[in-house]
Amino acid sequence: MFSRRSFGKVLGVGAGAAAAGLTVPHGGATAVAVPAAPATAPAPGAPASFPPIKQIRAGVLDVGYAELGPAHGPVVICLHGWPYDIHSFADVAPLLARQGYRVIVPYLRGHGTTRFLSARTFRNAQQSAIAMDVIALMDTLKIHRAVLAGFDWGSRTADIVAALRPERCKALVSVSGYLVTDREVNLKPLAPKAELAWWYQYYFATERGRLAMEDKTLRHDLTRLVWDTVSPTWDFDDTTFERTAAAFDNPDYAAVVVHNYRWRLSLADGERRYDGLEKRLATRPAISVPTVTLDAERDPFTAPGGGTTYRDRFTGPYEHRTLPGIGHNVPQEAPAAFAQAVVDADHL
(Lines give C-alpha, C1' and ligand atoms only; values in the text may rest on other atoms or scores of the structure.)
Protein backbone atom coordinates (compact mmCIF):
# COMPACT_ATOMS: atom_id res chain seq x y z
CA MET A 1 0.00 0.00 0.00
CA PHE A 2 1.28 3.46 -0.78
CA SER A 3 2.47 5.81 1.86
CA ARG A 4 1.44 9.42 1.34
CA ARG A 5 5.00 10.25 0.29
CA SER A 6 5.39 7.41 -2.24
CA PHE A 7 1.97 8.15 -3.69
CA GLY A 8 3.05 11.71 -4.37
CA LYS A 9 6.17 10.47 -6.15
CA VAL A 10 4.10 8.34 -8.52
CA LEU A 11 1.94 11.32 -9.40
CA GLY A 12 5.00 13.45 -9.93
CA VAL A 13 3.81 15.98 -7.34
CA GLY A 14 4.75 16.71 -3.77
CA ALA A 15 3.22 14.64 -1.00
CA GLY A 16 1.26 17.63 0.19
CA ALA A 17 -0.43 17.96 -3.20
CA ALA A 18 -1.45 14.33 -3.44
CA ALA A 19 -4.58 12.89 -1.95
CA ALA A 20 -4.21 10.05 0.50
CA GLY A 21 -2.69 6.90 -0.97
CA LEU A 22 -4.87 4.29 -2.62
CA THR A 23 -6.70 2.23 -0.07
CA VAL A 24 -8.60 -1.02 -0.29
CA PRO A 25 -12.11 -1.12 1.19
CA HIS A 26 -12.49 -2.95 4.47
CA GLY A 27 -12.61 -6.67 3.92
CA GLY A 28 -11.09 -6.46 0.44
CA ALA A 29 -7.61 -7.45 -0.63
CA THR A 30 -5.63 -5.41 -3.08
CA ALA A 31 -4.51 -6.89 -6.37
CA VAL A 32 -1.37 -8.99 -6.05
CA ALA A 33 1.48 -6.64 -5.13
CA VAL A 34 3.76 -7.41 -8.05
CA PRO A 35 6.20 -4.66 -9.08
CA ALA A 36 4.75 -2.87 -12.07
CA ALA A 37 6.44 -1.85 -15.26
CA PRO A 38 5.37 1.79 -15.03
CA ALA A 39 6.19 4.61 -17.35
CA THR A 40 9.63 6.11 -17.05
CA ALA A 41 9.63 8.75 -14.35
CA PRO A 42 9.36 12.17 -15.97
CA ALA A 43 11.84 14.93 -15.38
CA PRO A 44 10.81 17.42 -12.68
CA GLY A 45 7.93 19.50 -13.99
CA ALA A 46 7.41 17.33 -17.07
CA PRO A 47 4.11 15.48 -17.63
CA ALA A 48 4.00 11.73 -17.03
CA SER A 49 4.34 9.48 -20.06
CA PHE A 50 3.75 5.89 -21.13
CA PRO A 51 6.08 3.09 -22.21
CA PRO A 52 6.27 2.45 -25.98
CA ILE A 53 2.84 1.99 -27.54
CA LYS A 54 1.82 -1.53 -28.55
CA GLN A 55 -0.23 -2.41 -31.64
CA ILE A 56 -2.63 -5.31 -32.14
CA ARG A 57 -5.23 -6.21 -34.76
CA ALA A 58 -8.68 -6.43 -33.21
CA GLY A 59 -11.95 -6.40 -35.14
CA VAL A 60 -11.80 -3.78 -37.89
CA LEU A 61 -8.88 -1.95 -36.29
CA ASP A 62 -5.17 -2.07 -35.68
CA VAL A 63 -5.37 -0.76 -32.12
CA GLY A 64 -2.63 1.27 -30.49
CA TYR A 65 -2.56 0.94 -26.73
CA ALA A 66 -0.41 1.53 -23.67
CA GLU A 67 0.04 -1.24 -21.12
CA LEU A 68 1.40 -1.04 -17.60
CA GLY A 69 1.54 -3.45 -14.70
CA PRO A 70 1.98 -7.20 -14.29
CA ALA A 71 0.89 -9.32 -17.25
CA HIS A 72 -1.24 -11.60 -15.08
CA GLY A 73 -2.76 -8.95 -12.84
CA PRO A 74 -6.48 -8.18 -12.79
CA VAL A 75 -7.25 -6.02 -15.80
CA VAL A 76 -8.38 -2.39 -15.89
CA ILE A 77 -9.22 -0.85 -19.27
CA CYS A 78 -9.18 2.95 -19.26
CA LEU A 79 -11.11 4.72 -22.02
CA HIS A 80 -10.55 8.33 -23.05
CA GLY A 81 -12.94 10.87 -24.49
CA TRP A 82 -12.95 13.77 -26.96
CA PRO A 83 -10.87 15.86 -27.49
CA TYR A 84 -8.43 13.79 -25.48
CA ASP A 85 -6.31 10.68 -25.82
CA ILE A 86 -4.61 8.01 -23.72
CA HIS A 87 -2.56 10.62 -21.83
CA SER A 88 -5.62 11.48 -19.77
CA PHE A 89 -4.56 8.36 -17.85
CA ALA A 90 -0.81 9.01 -17.76
CA ASP A 91 -0.94 9.56 -13.98
CA VAL A 92 -3.76 7.12 -13.23
CA ALA A 93 -2.18 4.09 -14.93
CA PRO A 94 1.03 3.99 -12.83
CA LEU A 95 -1.01 4.27 -9.65
CA LEU A 96 -3.08 1.24 -10.60
CA ALA A 97 -0.12 -0.69 -11.99
CA ARG A 98 1.71 -0.35 -8.69
CA GLN A 99 -1.33 -1.82 -6.99
CA GLY A 100 -0.85 -4.92 -9.14
CA TYR A 101 -3.35 -4.17 -11.89
CA ARG A 102 -2.67 -4.79 -15.55
CA VAL A 103 -3.72 -1.48 -17.07
CA ILE A 104 -4.70 -1.25 -20.75
CA VAL A 105 -5.24 2.22 -22.25
CA PRO A 106 -6.27 2.07 -25.95
CA TYR A 107 -6.53 4.86 -28.46
CA LEU A 108 -10.14 4.93 -29.64
CA ARG A 109 -10.83 4.59 -33.37
CA GLY A 110 -9.63 7.64 -35.24
CA HIS A 111 -7.11 8.59 -32.55
CA GLY A 112 -3.36 8.23 -32.18
CA THR A 113 -1.87 5.08 -33.67
CA THR A 114 -5.18 3.22 -34.00
CA ARG A 115 -5.96 2.61 -37.67
CA PHE A 116 -8.72 0.97 -39.70
CA LEU A 117 -7.48 -2.21 -41.34
CA SER A 118 -9.32 -1.47 -44.59
CA ALA A 119 -9.71 1.74 -46.54
CA ARG A 120 -13.22 0.51 -47.42
CA THR A 121 -14.46 0.38 -43.81
CA PHE A 122 -17.03 3.06 -43.01
CA ARG A 123 -15.52 5.57 -40.57
CA ASN A 124 -18.38 5.01 -38.19
CA ALA A 125 -18.32 6.44 -34.68
CA GLN A 126 -21.79 5.53 -33.43
CA GLN A 127 -21.79 4.45 -29.81
CA SER A 128 -22.25 0.70 -30.28
CA ALA A 129 -19.45 0.49 -32.84
CA ILE A 130 -16.94 1.97 -30.40
CA ALA A 131 -18.18 -0.34 -27.65
CA MET A 132 -17.70 -3.36 -29.88
CA ASP A 133 -14.13 -2.18 -30.52
CA VAL A 134 -13.48 -2.71 -26.81
CA ILE A 135 -14.97 -6.20 -26.89
CA ALA A 136 -12.84 -7.04 -29.95
CA LEU A 137 -9.73 -5.80 -28.17
CA MET A 138 -10.54 -7.87 -25.09
CA ASP A 139 -11.12 -10.94 -27.24
CA THR A 140 -7.83 -10.52 -29.07
CA LEU A 141 -5.90 -9.97 -25.83
CA LYS A 142 -7.75 -12.96 -24.32
CA ILE A 143 -9.20 -10.85 -21.51
CA HIS A 144 -12.50 -12.32 -20.36
CA ARG A 145 -13.37 -9.71 -17.73
CA ALA A 146 -12.02 -6.30 -16.87
CA VAL A 147 -12.80 -3.26 -14.79
CA LEU A 148 -13.84 -0.58 -17.29
CA ALA A 149 -13.17 3.05 -16.42
CA GLY A 150 -13.74 6.09 -18.60
CA PHE A 151 -14.90 9.64 -19.14
CA ASP A 152 -16.74 11.38 -21.98
CA TRP A 153 -16.79 8.97 -24.98
CA GLY A 154 -15.02 6.53 -22.68
CA SER A 155 -17.80 6.64 -20.08
CA ARG A 156 -20.40 6.02 -22.76
CA THR A 157 -18.41 3.13 -24.18
CA ALA A 158 -17.84 1.53 -20.78
CA ASP A 159 -21.52 1.99 -19.88
CA ILE A 160 -22.58 0.18 -23.06
CA VAL A 161 -20.28 -2.77 -22.49
CA ALA A 162 -21.47 -3.00 -18.88
CA ALA A 163 -25.13 -2.84 -19.94
CA LEU A 164 -25.04 -5.20 -22.93
CA ARG A 165 -22.17 -7.54 -21.99
CA PRO A 166 -22.07 -7.55 -18.17
CA GLU A 167 -20.20 -10.86 -18.15
CA ARG A 168 -17.21 -8.97 -19.66
CA CYS A 169 -17.28 -6.11 -17.13
CA LYS A 170 -16.12 -6.89 -13.59
CA ALA A 171 -16.82 -3.35 -12.37
CA LEU A 172 -17.36 0.13 -13.79
CA VAL A 173 -16.14 3.67 -13.15
CA SER A 174 -18.19 6.14 -15.15
CA VAL A 175 -17.62 9.89 -15.10
CA SER A 176 -20.95 11.74 -15.53
CA GLY A 177 -22.89 8.57 -14.80
CA TYR A 178 -25.18 6.97 -17.38
CA LEU A 179 -24.18 8.35 -20.78
CA VAL A 180 -25.84 5.96 -23.22
CA THR A 181 -27.06 8.14 -26.08
CA ASP A 182 -30.81 8.35 -26.66
CA ARG A 183 -31.17 9.79 -30.16
CA GLU A 184 -34.89 10.38 -29.76
CA VAL A 185 -34.31 12.51 -26.66
CA ASN A 186 -31.50 14.31 -28.48
CA LEU A 187 -34.02 15.64 -30.98
CA LYS A 188 -35.51 17.81 -28.23
CA PRO A 189 -33.94 21.18 -27.34
CA LEU A 190 -32.22 21.76 -24.03
CA ALA A 191 -32.18 24.90 -21.91
CA PRO A 192 -30.17 27.62 -23.69
CA LYS A 193 -27.27 27.51 -21.21
CA ALA A 194 -26.94 23.76 -21.70
CA GLU A 195 -27.09 24.16 -25.47
CA LEU A 196 -24.28 26.72 -25.31
CA ALA A 197 -21.91 24.13 -23.80
CA TRP A 198 -22.53 21.90 -26.83
CA TRP A 199 -21.57 24.56 -29.39
CA TYR A 200 -19.06 22.30 -31.17
CA GLN A 201 -21.66 19.57 -31.65
CA TYR A 202 -23.72 21.95 -33.76
CA TYR A 203 -20.62 23.30 -35.50
CA PHE A 204 -19.73 19.77 -36.59
CA ALA A 205 -23.22 19.42 -38.04
CA THR A 206 -22.23 22.00 -40.65
CA GLU A 207 -19.87 21.79 -43.60
CA ARG A 208 -17.83 24.60 -42.03
CA GLY A 209 -17.30 22.45 -38.94
CA ARG A 210 -16.20 19.46 -40.97
CA LEU A 211 -13.70 21.57 -42.89
CA ALA A 212 -12.39 23.03 -39.64
CA MET A 213 -11.72 19.55 -38.27
CA GLU A 214 -9.83 18.64 -41.44
CA ASP A 215 -7.64 21.75 -41.17
CA LYS A 216 -4.76 21.03 -38.78
CA THR A 217 -4.44 24.58 -37.46
CA LEU A 218 -8.17 25.12 -36.95
CA ARG A 219 -8.53 21.65 -35.39
CA HIS A 220 -5.68 22.42 -33.00
CA ASP A 221 -7.18 25.73 -31.91
CA LEU A 222 -10.71 24.36 -31.64
CA THR A 223 -9.71 21.46 -29.41
CA ARG A 224 -7.55 23.74 -27.26
CA LEU A 225 -10.56 26.02 -26.79
CA VAL A 226 -12.62 23.04 -25.63
CA TRP A 227 -9.93 22.11 -23.09
CA ASP A 228 -9.90 25.67 -21.74
CA THR A 229 -13.67 25.99 -21.41
CA VAL A 230 -14.62 22.58 -20.00
CA SER A 231 -11.78 22.46 -17.44
CA PRO A 232 -11.79 26.03 -16.09
CA THR A 233 -9.71 25.27 -12.99
CA TRP A 234 -7.12 22.95 -14.57
CA ASP A 235 -3.74 24.70 -14.90
CA PHE A 236 -2.31 22.57 -17.70
CA ASP A 237 0.64 23.74 -19.80
CA ASP A 238 1.24 23.82 -23.54
CA THR A 239 3.39 20.68 -23.42
CA THR A 240 0.53 18.69 -21.89
CA PHE A 241 -1.93 19.79 -24.55
CA GLU A 242 0.47 19.33 -27.48
CA ARG A 243 1.28 15.79 -26.40
CA THR A 244 -2.40 14.89 -26.68
CA ALA A 245 -3.01 17.00 -29.79
CA ALA A 246 -0.55 14.80 -31.68
CA ALA A 247 -3.19 12.04 -31.46
CA PHE A 248 -5.55 14.21 -33.51
CA ASP A 249 -3.31 13.92 -36.58
CA ASN A 250 -4.71 10.45 -37.24
CA PRO A 251 -5.92 10.43 -40.88
CA ASP A 252 -9.40 9.33 -39.81
CA TYR A 253 -9.76 11.73 -36.89
CA ALA A 254 -11.96 14.32 -38.57
CA ALA A 255 -14.27 11.75 -40.14
CA VAL A 256 -14.70 9.83 -36.88
CA VAL A 257 -15.33 12.90 -34.72
CA VAL A 258 -17.77 14.52 -37.14
CA HIS A 259 -19.68 11.29 -37.62
CA ASN A 260 -19.98 10.74 -33.87
CA TYR A 261 -21.66 14.09 -33.25
CA ARG A 262 -23.80 14.03 -36.37
CA TRP A 263 -24.98 10.51 -35.56
CA ARG A 264 -26.05 11.59 -32.07
CA LEU A 265 -28.28 14.27 -33.62
CA SER A 266 -29.70 11.84 -36.20
CA LEU A 267 -27.95 13.77 -38.97
CA ALA A 268 -25.89 10.76 -40.05
CA ASP A 269 -26.70 7.08 -40.35
CA GLY A 270 -24.90 4.28 -38.59
CA GLU A 271 -24.42 0.75 -39.93
CA ARG A 272 -27.19 -1.83 -40.16
CA ARG A 273 -25.07 -4.44 -38.42
CA TYR A 274 -25.36 -2.39 -35.22
CA ASP A 275 -29.13 -1.89 -35.43
CA GLY A 276 -29.89 -4.66 -32.95
CA LEU A 277 -27.50 -3.21 -30.38
CA GLU A 278 -28.88 0.28 -30.84
CA LYS A 279 -32.44 -0.95 -30.37
CA ARG A 280 -31.42 -2.49 -27.06
CA LEU A 281 -29.65 0.71 -26.02
CA ALA A 282 -32.74 2.76 -26.89
CA THR A 283 -34.54 1.01 -24.00
CA ARG A 284 -31.99 2.53 -21.57
CA PRO A 285 -30.90 -0.85 -20.18
CA ALA A 286 -29.91 -0.92 -16.53
CA ILE A 287 -26.34 -1.61 -15.46
CA SER A 288 -26.01 -4.31 -12.83
CA VAL A 289 -22.23 -4.52 -12.37
CA PRO A 290 -20.58 -2.84 -9.35
CA THR A 291 -20.24 0.84 -10.22
CA VAL A 292 -18.74 4.07 -8.95
CA THR A 293 -19.99 7.18 -10.74
CA LEU A 294 -18.09 10.46 -10.59
CA ASP A 295 -19.43 13.96 -11.16
CA ALA A 296 -17.00 16.82 -11.75
CA GLU A 297 -18.26 19.98 -10.08
CA ARG A 298 -16.78 22.40 -12.66
CA ASP A 299 -17.64 20.35 -15.74
CA PRO A 300 -20.30 22.24 -17.73
CA PHE A 301 -21.79 18.89 -18.78
CA THR A 302 -22.35 17.61 -15.24
CA ALA A 303 -26.05 17.11 -14.69
CA PRO A 304 -27.58 18.78 -11.62
CA GLY A 305 -28.85 16.69 -8.76
CA GLY A 306 -25.75 14.90 -7.51
CA GLY A 307 -26.29 11.82 -9.63
CA THR A 308 -30.01 11.50 -8.93
CA THR A 309 -30.95 11.90 -12.61
CA TYR A 310 -29.33 8.57 -13.51
CA ARG A 311 -29.34 6.67 -10.21
CA ASP A 312 -32.10 4.32 -11.32
CA ARG A 313 -29.96 3.02 -14.21
CA PHE A 314 -27.52 1.36 -11.80
CA THR A 315 -29.03 -1.63 -10.05
CA GLY A 316 -25.95 -3.34 -8.57
CA PRO A 317 -23.55 -2.30 -5.80
CA TYR A 318 -23.10 1.43 -6.25
CA GLU A 319 -21.38 4.56 -4.99
CA HIS A 320 -21.54 8.13 -6.28
CA ARG A 321 -18.98 10.87 -5.69
CA THR A 322 -18.76 14.54 -6.61
CA LEU A 323 -15.29 16.01 -7.13
CA PRO A 324 -15.18 19.66 -6.02
CA GLY A 325 -13.28 22.07 -8.21
CA ILE A 326 -12.64 19.52 -10.98
CA GLY A 327 -13.51 19.95 -14.66
CA HIS A 328 -14.31 17.60 -17.51
CA ASN A 329 -11.01 15.70 -17.88
CA VAL A 330 -11.37 13.96 -14.53
CA PRO A 331 -8.59 11.35 -14.72
CA GLN A 332 -5.99 13.95 -15.66
CA GLU A 333 -7.26 16.65 -13.32
CA ALA A 334 -7.85 14.32 -10.34
CA PRO A 335 -5.80 11.15 -10.96
CA ALA A 336 -5.73 10.06 -7.33
CA ALA A 337 -9.51 10.27 -6.99
CA PHE A 338 -10.03 8.46 -10.28
CA ALA A 339 -7.61 5.65 -9.41
CA GLN A 340 -9.21 5.27 -6.00
CA ALA A 341 -12.62 4.96 -7.64
CA VAL A 342 -11.29 2.08 -9.76
CA VAL A 343 -9.98 0.24 -6.69
CA ASP A 344 -13.22 0.87 -4.80
CA ALA A 345 -15.45 -0.26 -7.69
CA ASP A 346 -13.41 -3.44 -7.95
CA HIS A 347 -14.18 -4.20 -4.30
CA LEU A 348 -17.85 -3.20 -4.08
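## Contacts, core, hairpin and pocket

Mentor: This model is predicted. Start with Leu172. Leaving out residues up to four places away in sequence, Leu172 touches Leu148, Ala158, Asp159, Ala162, Ile287, Val289, Pro290, Thr291, Val292, Phe314 and Ala345.

Trainee: What makes these residues count as contacts of Leu172?

Mentor: Contact means heavy atoms within 4.5 Å. Each residue named has that with Leu172, so each is a contact.

Trainee: Where does Leu172 stand in the largest nonpolar core?

Mentor: Leu172 is among those with the most contacts inside it, along with Phe50, Trp82, Leu96, Met213 and Phe338. The core has 105 residues. Helix H3 (residues 127–140) gives the most, with nine residues.

Trainee: Why is Leu172 called buried?

Mentor: A nonpolar core takes buried residues, and buried means under 20% relative accessible area. Leu172 belongs to the core, so Leu172 is under that cut-off.

Trainee: How do you know that strands E1 and E2 pair?

Mentor: Pairing needs at least two bridges. Five bridges join E1 (residues 54–58) to E2 (residues 61–68), so they pair. They run antiparallel. Ile56 has Val63 as its bridge partner in E2. The two strands form a hairpin with two residues between them, and Gly59 in the turn has a positive phi of about 65°.

Trainee: What makes a residue part of the lining of the largest pocket?

Mentor: An atom within 4 Å of a pocket point. The lining has 35 residues, so 35 meet that cut-off. Leu179, Asn186, Leu190, Trp198 and Phe301 lie nearest the centre. The lining divides into 20 nonpolar, seven polar and eight charged residues. The space is about 1200 Å³.

Conventions:
Residues are numbered from 1 along each chain as its sequence is written. This is a predicted model: local features need pLDDT of at least 70, side-chain atom pairs count only at pLDDT 80 or more; totals for chains, interfaces and linings use all residues. Side-chain values use heavy atoms; hydrogens and water are left out. On a 1 Å grid over the protein atoms alone, a cavity is a set of points where a 1.4 Å probe fits but cannot get out, and a pocket is an open set with protein on both sides within 12 Å along at least five of seven lines; lining residues have an atom within 4 Å of a point. Grid points are joined across faces, edges and corners, and a volume is the space filled by probe spheres set on the points. Ala, Val, Leu, Ile, Met, Phe, Trp, Tyr, Cys and Pro count as nonpolar, Asp, Glu, Lys and Arg as charged, and the others, Gly among them, as polar. Helices (H or I, at least four residues) and strands (E, at least two) are DSSP runs, numbered from the N terminus. A nonpolar core is a set of buried Ala, Val, Leu, Ile, Met, Phe, Trp, Tyr and Cys residues joined through side-chain atoms within 4.5 Å. Buried means under 20% relative accessible area, exposed over 50%, partly exposed in between (1.4 Å probe, protein chains only).
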